[in-house]
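Grab the model and a viewer, and work through these exercises at your own pace. Each one sets a task and then walks through a solution.

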Amino acid sequence: MQKRALDEPGYYAFASVVGAQRHFNVQTARLLASYGLDPLSVLDGMGRPAPPDLPSDEIMEWIIEESGCAMTMLRAFVEVGGDELPDVTPWGVISRGLCSTTEASLRRWGDVNHFTPGLLRRYCRSDGTPLDVQAMNLTEGAGVHVTEQDIWSFILAHQKGQHTYRPQTYGHRLAAAFHHVTGFRLTFEYAAQLLQLINAKNTAPLDEAPF
């Protein structure tokens, strides 16, 4: 009730909706069973398109960009450890550690032809930290080499603010591709649990349908 900010009548109404959905799931499971179909078995047979003969990194790119198969993405997502690992690319480090700079420093390391009022407003302050100092601090703090040009390129690509950056680890990209295909957010807990059920050939009773 607290989580959903519901009063008691609202909670009972919500519980009724959940119960109805569960009943629908059980009925659907029984209907599928009448055709000899088990949802987990169906999924177990999905998501294994033969990838092209490519090095492992290129196969991962193929899964993300070209496969279009949710189960292939889900399996790869678990293999890489999900999207909880930090983005240790230069831009990933910059997105987490960049602070305001000065217009003078931005003029030194950037290109004034790309300056806009919005860009200057979001990234510059009179007491900001010069980009060369930030590059040194980010490199030392993260152990990833970050240059002034990296920071300028990042700013130029994210003129509405560093919060618009999307991490580029395989896990984050797989989750984004999965969401594009299925319409819901992929989590490691869900993916690992689903694969565990499939790999164990779980045969849950129909009134305990796992979907």
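A residue counts as buried when its relative accessible area is under 20%, as exposed when that area is over 50%, and as partly exposed in between. With that in hand, note that this is a predicted model, and that buried residues make up 32% of the 211 residues in the protein.

**Exercise 1. The overall picture**

Task: Work out how many helices and strands the protein has, and describe its surface and its contacts.

Solution:
- Start with the count: there are eleven helices and zero strands.
- Reading from the N terminus, the order of elements is therefore just α-α-α-α-α-α-α-α-α-α-α.
- Next, the surface: about 13300 Å² is accessible, and carbon and sulfur atoms own 56% of that.
- Finally, the contacts: take those between residues at least 6 apart in sequence, and 72% of them join residues at least 24 apart.

**Exercise 2. A covered helix**

Task: Decide whether helix α4 is mostly covered or mostly open, and find what its buried residues pack against.

Solution:
- Helix α4 spans residues 70-79, and eight of its ten residues are buried, so it is mostly covered.
- The buried ones are Ala 70, Met 71, Thr 72, Met 73, Leu 74, Arg 75, Ala 76 and Phe 77.
- Those residues pack against α2 (39-44), α3, α10 and α11 (188-199).
- Now zoom in on Ala 70, which lies in α4. Its relative accessibility is 18%, and the cut-off for buried is under 20%, so Ala 70 makes the list.
- Leaving out residues up to four places away in sequence, Ala 70 touches Phe 178, Val 181 and Thr 182.
- For a sense of the sequence gap, try His 180: it sits 110 residues from Ala 70 along the chain, yet the two C-alpha atoms are separated by 9.3 Å.
- Step off the end of the helix too: just after α4, Gly 81 has a positive phi of about 90°.

**Exercise 3. Two helices crossing**

Task: Classify how helices α5 and α9 are arranged, and name the residues in their contact.

Solution:
- Helix α5 covers residues 90-97 and helix α9 covers residues 148-157; they pack at about 75° with their axes 10 Å apart.
- Angles of 65 to 115 degrees count as roughly perpendicular, so α5 and α9 belong in that class.
- On the α5 side, the contact is made by Pro 90, Trp 91, Ile 94 and Ser 95.
- On the α9 side, Asp 150, Ile 151, Ser 153, Phe 154 and Ala 157 take part.

**Exercise 4. Charged pairs**

Task: How many salt bridges does a search of the whole structure find? Pick out some and compare their settings.

Solution:
- The search turns up five.
- A general reminder: oppositely charged side chains can pair when their charged atoms come close.
- Take Arg 173 and Glu 61, whose side chains meet in a salt bridge at 2.7 Å, N to O. This pair links distant parts of the chain, with Arg 173 in helix α10 (residues 170-182) and Glu 61 in helix α3 (residues 56-67), 112 residues apart.
- Check exposure: Arg 173 is buried at 16% relative accessible area, while Glu 61 is partly exposed at 30%.
- Follow the charges a bit further, and you'll see that Glu 61, Glu 65 and Arg 173 are linked in a network of salt bridges.
- Now Arg 107 and Glu 103: their closest N and O atoms are 3.1 Å apart. Both residues lie in helix α6 (residues 103-109), four residues apart, which is about one turn of the helix. Arg 107, at 47%, is partly exposed, and so is Glu 103, at 34%.
- One more bridge joins Arg 125 to Asp 127, with closest N and O atoms 3.1 Å apart. Arg 125 is partly exposed at 48%, whereas Asp 127 is exposed at 52%.

**Exercise 5. A nonpolar patch**

Task: Which residues form a nonpolar patch on the surface? Then explain why Val 18 can belong to it.

Solution:
- The patch is formed by Tyr 11, Tyr 12, Phe 14 and Val 18, with about 380 Å² of accessible area together.
- Locate Val 18: it is found in helix α1 (residues 8-34).
- Patch members need over 30% relative accessible area, and Val 18 qualifies because it is partly exposed at 44%.

Terms used:
Residues are numbered from 1 along each chain as its sequence is written. This is a predicted model: local features need pLDDT of at least 70, side-chain atom pairs count only at pLDDT 80 or more; totals for chains, interfaces and linings use all residues. Side-chain values use heavy atoms; hydrogens and water are left out. Patches are made of residues with over 30% relative accessible area and no salt bridge: like charges are joined within 9 Å, nonpolar side chains (Val, Leu, Ile, Met, Phe, Trp, Tyr) within 5 Å. Accessible areas come from the Shrake-Rupley method with a 1.4 Å probe; for residues, only the protein chains shown count as cover. A salt bridge is a side-chain nitrogen of Lys or Arg within 4 Å of a carboxyl oxygen of Asp or Glu. Buried means under 20% relative accessible area, exposed over 50%, partly exposed in between (1.4 Å probe, protein chains only). Axes are lines fitted to C-alpha atoms, for helices over the stretch in contact, and angles run from 0 to 180 degrees between N-to-C directions. Angles under 35 degrees count as roughly parallel, over 145 as roughly antiparallel, 65 to 115 as roughly perpendicular and the rest as oblique. Contact means heavy atoms within 4.5 Å.
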